[in-house]
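This report is written for someone meeting the structure for the first time. It begins with a group of aromatic side chains and then widens to the whole fold.

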Amino acid sequence: MQDAFRYCEELVRDGDKDRYLAILFAPAKYRRALFALYAFNYEIARVRELTREAMAGEIRLQWWSEILTGTGRGEISAYPVAAALRDVAVRYALPPQALADVIEARRRDLSNQLMPDIASLETYAARTSSSLMHLAARILSDGRTPAAAEFIHHAGISYAFTGLLAAFAIHAARGQLYVPLEVLDRHRARVEDVHTGKATVELRAALAELRRHARAHLAAAGRCLGDLPASIMPAVLPIALVKPTLRRMERRFYDPFQIVRLPQWRRQWSLWRAARTNLGSAL
């Protein structure tokens with residue numbers, strides 16, 4: 001089992017830098033569990049990248065569902081992330097339905113179908129990002145239901161919106177688009193321009209609207225900051241990267257078809273500063 005947790009740590013370190021750095025601000029006794037949770041998230045979040053056909057992705061996600069419910073076949077110890085997560089789920093009483101909801105939401109990644117409206121995108125963001133923060137907060141609360149549910153809800157949506165905007169170029173290259181149809185229509189942006197890599201004025205306006213939504217949810221989280229226990233701060237610490245990432249997209253020469261990444265030093269500094277101020281400097 002020790003090797004399984006070590007594998008999870010390496011996976012998160014290499015594939016999810018934001019959460020890896022955030023874990024370093026958590027008490028040492030919780031880090032292995034958080035690495036297991038985030039390794040699980042990383043595995044299901046990249047199913048689209050690892051499978052060429054939607055059916056293969058569905059099979060992979062169904063395997064995860066069966067593993068978590070105990071109905072899967074095969075020896076779980078052969079799969080280090082699954083073995084570590086099952087151990088953590090039992091130890092910290094992680095709600096099976098919450099984990100199942102994260103998997104179910106990821107089925108959306110296997111389709112190129114457009115989301116109809118902002119509410120649909122918010123639901124997707126809440127089930128993937130907010131749910132993950134809630135599970136991490138539960139680990140940091142020793143298996144108890146964490147406080148600050150409203151803060152976590154808005155923080156997760158803000159972080160997810162920002163992440164989708166930052167990865168816009170990656171999604172566009174494989175035919176995915178997370179900008180809701182109602183937003184595209186409101187600004188008269190065309191899906192065809194996304195597929196052909198044209199950064200039109202209309203498309204830029206649609207992306208700017210999503211940035212405003214991300215900021216609105218961040219502000220809503222800020223209004224709930226007083227309800228946030230310091231003990232669960234590492235679970236939501238990645239939202240410290242929302243403002244600087246959005247600012248990079250608002251530069252004069254911003255190109256939505258280029259991946260947006262903060263320099264490593266900037267990520268580390270933003271997380272350190274937010275941790276020192278209990279997120280006060282980030283919201």
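Phe40, Trp63, Trp64 and Tyr79 form one aromatic cluster in this predicted model, and the model as a whole is predicted. The count of aromatic pairs in the protein comes to 7. One of these pairs joins the rings of Tyr30 and Tyr92, whose planes stand at 55° to each other, so the pair is classed as tilted. Because Tyr30 belongs to helix α3 (residues 28–45), while Tyr92 sits in the loop between α6 (80–91) and α7 (96–106), this pair ties together parts that are 62 residues apart in sequence. Both partners are out of reach of the surface by the criterion used here, as Tyr30 is buried and Tyr92 is buried too.

Within the cluster, the rings of Phe40 and Trp64 have planes at 65°, so this pair counts as edge-to-face. Phe40 lies in helix α3 and Trp64 in helix α5 (residues 54–69), so the contact between their rings ties together parts that are 24 residues apart in sequence. Phe40 and Trp64 are also both buried.

The two pairs are set out below.

| Pair | Distance between ring centres | Angle between planes | Class |
|---|---|---|---|
| Tyr30 and Tyr92 | 6.4 Å | 55° | tilted |
| Phe40 and Trp64 | 5.3 Å | 65° | edge-to-face |

Another residue to look at is Ala166, which is placed in helix α9 (residues 149–166). Its relative accessibility is 11%, and since buried means under 20%, Ala166 counts as buried. Leaving aside residues up to four places away in sequence, Ala166 touches Thr245, Met249, Ile259 and Val260. Ala166 and Leu207 are 41 residues apart in sequence, and their C-alpha atoms are 10 Å apart in space.

Turning to the whole protein, the fold contains 16 helices and 0 strands. Its C-alpha trace spans about 50 × 45 × 30 Å along the principal axes. A compact globule of 283 residues would have a radius of gyration near 19 Å, and the 18 Å of the protein agrees with this. Of the 283 residues, 52% are buried, and of the contacts with a separation of 6 or more, 75% are between residues 24 or more positions apart.

At the surface, the protein exposes about 13,300 Å², of which carbon and sulfur atoms supply 50%. The protein carries 40 positive and 29 negative charges, and the mean positions of these two groups are 6 Å apart.

Conventions:
Residues numbered from 1 in each chain as written. Predicted model: local features only at pLDDT ≥ 70, side-chain atom pairs only at ≥ 80, totals over all residues. Heavy atoms only, no water. Helix = DSSP H or I, 4+ residues; strand = E, 2+ residues; numbered from the N terminus. Rg over C-alpha atoms; globule rule 2.2 N^0.38 Å. Buried < 20%, exposed > 50% of the residue type's maximum accessible area, 1.4 Å probe, protein only. Contact = heavy atoms within 4.5 Å. Areas by Shrake-Rupley, 256 points an atom, 1.4 Å probe, with all protein chains shown as cover. Lys, Arg positive; Asp, Glu negative; His and termini not counted. Charge placed at Lys NZ, Arg CZ, Asp CG, Glu CD. Phe/Tyr/Trp six-rings, centres within 6.5 Å; stacked < 30°, edge-to-face > 60°.
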